[in-house]
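Reader: I'd love a close look at one part of this model, the place where protein and DNA come together. Please go slowly, and tell me the cut-offs as you use them.

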There are 2 protein chains.
Amino acid sequence: MLQANADIDTSAMLTERQKAVLDAALRLLVEEGDNLTMTAVARRASCSKETLYKWFGDRDGLLTATVQWQASKVRVVPVDGERLDLTSLTASLEGFASDWLKVISSDTSIALNRVAVGHAGSGKDDLGAIVLENGRFALARRLKPVLLAGKQAGLLDFADAETAFRSFFGLVARDVQIRLLLGDRLELTEAAIGGDAVRATQQFLALFGAKTGPQGL
Amino acid sequence: MLQANADIDTSAMLTERQKAVLDAALRLLVEEGDNLTMTAVARRASCSKETLYKWFGDRDGLLTATVQWQASKVRVVPVDGERLDLTSLTASLEGFASDWLKVISSDTSIALNRVAVGHAGSGKDDLGAIVLENGRFALARRLKPVLLAGKQAGLLDFADAETAFRSFFGLVARDVQIRLLLGDRLELTEAAIGGDAVRATQQFLALFGAKTGPQGL
DNA sequence: GCCGAACCGTAACGTACGGTACGCCTGCCG
DNA sequence: CGGCAGGCGTACCGTACGTTACGGTTCGGC
C-alpha cells in the first residue's frame, strides 16, 4: 500500500517555464492555502489558464505537480556509512534531527502538509501519499542506514530498525508538527531547534545506546 | 496566545434537537470530510436550512459548533493524585498512552483534525485552536498532575513538567497521527495499542525515572 | 378553537470558480 | 515574406453551493 510511485523523478520532463509556473503556484499555496484559484495561479505566473489546463490537466493535476515539484527540490545526498564512532554518530543524529525540525517548521512544508491532509479525506488525488513518501518515509530511508551502521559498530542496540526510527522520530518531532499544522504560533528559533536536536539525540542514545559502550568498564 | 476561550461549556445551552442536528453534522463530517454541504446536513438531520442558519449563523458557525459539541462529549474525570507507587504510576501512564492512541486513531478525531488543519491556513475560524485546546492541551492538563505527583513521590525526575510531558507525547504518538491524517492506512488493533502504550511508558520511565528508585540499595 | 411562534421542505438568487473558446501577438521555419 | 505553432489575455459557460425567501404544518398557550 501507499506506493503511489511518487519517487519516479517527474521533474526531469519539465521545461524551465513550467518550473517557474509551479514555483508561482507553490508560493501562492503558501500564501492562500488550499483556496487558491486557477485564475490566481495564471495571473501570478503570467500565463493563461488554457496553458495551465493543457500542461496539468485540471486543478488536481496542478496541485500534485506542485507538490512533486517541491519534493524533487529536496533530493538528498546519501550518507557515507563509513568509520563510525560515538561522536560522529551523535553528530549525524543531531544533524538529522535539526534538519527535520527545520523542514517541518518551514512555511512551505506546513502549507503542503495542510493541503495534503485536507485532500486525504476525499480520496481524489494522492497528495497525502506523495507528501508522506517524500517526508516521513524519505527520512526513514536516509536514517536507517545510519542506525544500522551504529548497531554494526556496537554503538546502538535495537531489535528492529523501523521501531527504533519511529522512536527517534517521536523524540524529535513530539507535538511540534501537529501544533504547527493546527495553527499554533510556535516560533522555532535556530537555537531552539539546535537544543531540541541534542536533547532528542541524547534521549535516543539513552534508550538505544549499547550497554557495552565506551564507558563499559 | 491560543486562548480561543474554547473551554467555556457551550453545550449546556443546546437543546436536545440541536444536539441531534450537531450529531448528524458530525457523522456527515466523518463521512464526507470538509466538503459537506448545508443541504446535506439539513437533509441528514431532517431539518430545514433556514433553521441551520438561524441557529448557527453560517457554515463556519455550524462547523465550530460541531467541533465544540464533540469536544464537550469527552470531558474527563480528574485523576485522584493520591498514594502513588511505581506500579500505579506505570498503570496510570499506560492508561493515558492507550487512551490517547485510541483517540487519535478514531474516525471522528481524524476527521475533525483534518478539517481543523484545513481551516488553519486561512484564519476564518478558530477550529485549529479549539481542536488543539481539547486535544493536546487537555491531555497535558490531565497528565501533568500525575507527573508532578510522581516527582513528589520520588519516582520521577525532571526539571520541567512541560518538557517531560512533550517527551511522553512524542514517545506515545510518534508518527501515528501525521500518518493517519495524511491518509496512511495503519490499522491500530487493540493489542497493538496496548503494546505501544507499555513500550512508550517503559521508555519514558527509562528517561525520566528517578535514579533513587525502589531498587536503590 | 384560535394565535403566534418555531420549524420543515423547497424553490429561488447570487456568486465564485473550474473549465473552455477565441482573438491576438511573437518567434521560428521554410 | 507567409504561415503556423505556442502561448497570453480575456470573455464566456455551467454548475455547485452558500444564503435567503416563502408557503405549509405542528404545537403550546389562552
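Author: Happy to! Let's begin at a backbone: an N or O atom in the main chain of B:S48 lies 3.5 Å from a phosphate oxygen of DNA strand C. That is just inside the limit for a polar contact (a pair of N or O atoms within 3.5 Å). Please keep in mind that this is a predicted model, where local features need pLDDT of at least 70, side-chain atom pairs count only at pLDDT 80 or more, totals for chains, interfaces and linings use all residues, and side-chain values rest on heavy atoms, without hydrogens or water. Residues are numbered from 1 along each chain as its sequence is written, while chains are lettered from A and ligands numbered from 1 in written order.

Two side chains also reach DNA strand C. In B:R17, a side-chain N or O atom is 2.9 Å from a phosphate oxygen of the strand, whereas a polar side-chain atom of A:K49 lies 2.6 Å from a base oxygen. The elements that give two or more residues to the surface near this strand are α3 (49-56) of chain A and α3 (49-56) of chain B; helices here are DSSP runs of H or I with at least four residues. The largest share, 4 residues, comes from α3(B).

Stepping back, 16 residues surround DNA strand C, and A:K49, A:E50, A:Y53, B:R17 and B:T51 come nearest; a residue counts as near if one of its heavy atoms lies within 4 Å. Seen from the DNA side, 55% of the strand C atoms within 4 Å of the protein belong to sugar or phosphate, and the rest belong to bases. On the protein side, the surface has 5 nonpolar, 4 polar and 7 charged residues, with Asp, Glu, Lys and Arg as charged, Ala, Val, Leu, Ile, Met, Phe, Trp, Tyr, Cys and Pro as nonpolar, and the others as polar.

Now for DNA strand D. Around it are 15 residues, with A:R17, B:K49, B:E50, B:Y53 and B:R59 the closest. By class, they divide into 5 nonpolar, 4 polar and 6 charged. Of the strand D atoms within 4 Å of the protein, 54% are sugar or phosphate atoms and the rest are base atoms.

The polar contacts to strand D come from side chains and from a backbone. B:K49 has a polar side-chain atom 2.5 Å from a base oxygen of DNA strand D. Phosphate oxygens of the strand lie 2.8 Å from a polar side-chain atom of A:R17 and 3.0 Å from a backbone N or O atom of B:M38. Here, α3 of chain A and α3 of chain B are the elements that give two or more residues to the surface.

How are the two protein chains placed relative to each other? Chain B can be laid on chain A with an RMSD of 0.0 Å by a turn of 180° and a shift of 0.0 Å along the axis, using C-alpha atoms with pLDDT of at least 70 in both. That is the relation of a two-fold axis. In chain B, B:G170 comes closest to this rotation axis, with its C-alpha at 2.1 Å. Moreover, 100% of the interface residues of chain B are also interface residues in chain A, so the copies meet through the same surface; contact means heavy atoms within 4.5 Å.

Terms used: A polar contact is a pair of N or O atoms within 3.5 Å; within protein, one must be able to donate a hydrogen and the other to accept it, and residues adjacent in sequence count only if both atoms are side-chain atoms.
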